[in-house]
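Hi,

Here is the structure I promised to pass on. Have a look at it first, and then read on for what I found.

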Amino acid sequence: NLRGAVYRDPGLTEAYMRLAAIMEGRGLWLDAVEFYNKAIESAPERAEAYLELARIYIEHERHRTGIGVLLRARAAVPADTGVLIALARAYRRIGDRVSAIEQYRVAAELTEGAERADCNVQIGDLCLELDDLSGAFCYYRLAIEGGLEPTAPLYRRIAGVTDSLAQKGAERAWDALESYVGGKPEAMEREDCLAGSHDGPID
């Protein structure tokens, strides 16, 4: 009997976890919360109970409470990338993109391979949502350099960012020249400047 087991030995974290899952399966999510909290008390250095507890709160629209649980988890197990990524997703869910980027960056530093590449893609997407095209390009590039094979939707995002950056660069160059020409009465017309860059006349 699981209840009897945890009463005999409060340190039986797995029993608390199983009881929490059973309670949740029965629709008794507040009871599940109680058992997940007991699991955390019995083994505060393990991430699983924090993650499950935060998930329940977030699924029941208690996002700030869920984020609070994940912040406790980060303090207890700061190198756990699962906690960092869950925290990033929770921040993104409430629209706090800057905090989400911060968590993904830390997670990317602590992991490697496909998981690191995915973190960089997520940062790139968040930068894109913030209209930070240069940041998006840099993190997409890191993901590709890390061995990521881009899906068709990701490739379209990368291509769109690249084209937008190229267009903005051309616009900045044009604006700079216009500013120069505008302040110099004796300046050549742009067409004459272009013509002068060739060895012969433009056809």
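The side chain of His63 makes a polar contact with the side chain of Arg93, at 3.5 Å. Bear in mind throughout that this is a predicted model. His63 belongs to helix α5, which covers residues 63–76. Is His63 buried or exposed? With a relative accessibility of 18%, His63 counts as buried, because the cut-off for that is under 20%. Setting aside the neighbours within four places in sequence, the residues that His63 is in contact with are Tyr57, Ile58, Arg93 and Ile94.

Now for the overall picture. The protein has 11 helices and 0 strands, so if you read the elements from the N terminus on, you get α-α-α-α-α-α-α-α-α-α-α. The chain has 203 residues, and buried ones make up 33% of them. The accessible surface comes to about 12,200 Å², and carbon and sulfur atoms account for 52% of that. As for how the chain meets itself, take the contacts with a separation of 6 or more: 40% of them are between residues 24 or more positions apart.

Two of the helices are worth a visit. Helix α3 runs over residues 29–42. With 14 residues at 1.5 Å a residue, α3 should span 20 Å, and the C-alpha atoms at its ends are indeed 20 Å apart, which agrees. Which residues of α3 are buried? They are Trp29, Ala32, Val33, Phe35, Tyr36, Ala39 and Ile40.

The other one is helix α8, residues 113–129. Its 17 residues should span 24 Å by that reckoning, and the end C-alpha atoms of α8 are 25 Å apart, which agrees. The buried residues in α8 are Ala117, Cys119, Asn120, Val121, Gln122, Ile123, Gly124, Asp125, Leu126 and Cys127. Just after α8 you will come to Asp131, which takes a positive phi of about 65°.

Next, the charged pairs. Side chains of opposite charge can pair when their charged atoms come close. How many salt bridges does a search of the whole structure find? It finds 9. Here are three to look up.

One of them is between Glu14 and Arg46, whose side chains meet with N to O at 2.6 Å. Glu14 sits in helix α2 (residues 13–25) and Arg46 in the loop between α3 and α4 (48–59), so this pair ties together parts that are 32 residues apart in sequence. Both ends are partly exposed: Glu14 has a relative accessibility of 44%, and Arg46 has a relative accessible area of 28%.

Another salt bridge joins Arg92 and Glu129, at 2.7 Å from N to O. Arg92 is in helix α6 (residues 81–93) and Glu129 is in helix α8, so here the parts tied together are 37 residues apart in sequence. Arg92 is partly exposed, at 24% relative accessible area, and Glu129 is partly exposed too, at 40%. There is also a network: salt bridges that share partners join Glu24, Glu52, Arg55 and Glu59 into one.

Inside that network, Glu59 forms a salt bridge with Arg55, and their closest N and O atoms are 3.2 Å apart. Where do these two lie? Both are in helix α4, 4 residues apart, which is about one turn of the helix. Glu59 counts as partly exposed at 46% relative accessibility, and Arg55 is partly exposed as well, with a relative accessible area of 26%.

Finally, the cysteines. A disulfide is a covalent bond between the sulfur atoms of two cysteines. The count here comes to 0 disulfides. Why does Cys127 not have one? Its closest cysteine sulfur is in Cys138, and the two sulfurs are 8.5 Å apart, too far for a bond because a disulfide needs them within 2.5 Å. Seen from the other side, the cysteine sulfur closest to that of Cys138 is in Cys127, at 8.5 Å. The surroundings of the two are worth checking on screen: Cys127 is buried, with a relative accessible area of 3%, whereas Cys138 counts as partly exposed at 45% relative accessibility.

Over to you!

Terms used:
Residues are numbered from 1 along each chain as its sequence is written. This is a predicted model: local features need pLDDT of at least 70, side-chain atom pairs count only at pLDDT 80 or more; totals for chains, interfaces and linings use all residues. Side-chain values use heavy atoms; hydrogens and water are left out. Buried means under 20% relative accessible area, exposed over 50%, partly exposed in between (1.4 Å probe, protein chains only). Contact means heavy atoms within 4.5 Å. Accessible areas come from the Shrake-Rupley method with a 1.4 Å probe; for residues, only the protein chains shown count as cover. The expected span of a helix is 1.5 Å times one less than its number of residues. A salt bridge is a side-chain nitrogen of Lys or Arg within 4 Å of a carboxyl oxygen of Asp or Glu. A polar contact is a pair of N or O atoms within 3.5 Å; within protein, one must be able to donate a hydrogen and the other to accept it, and residues adjacent in sequence count only if both atoms are side-chain atoms.
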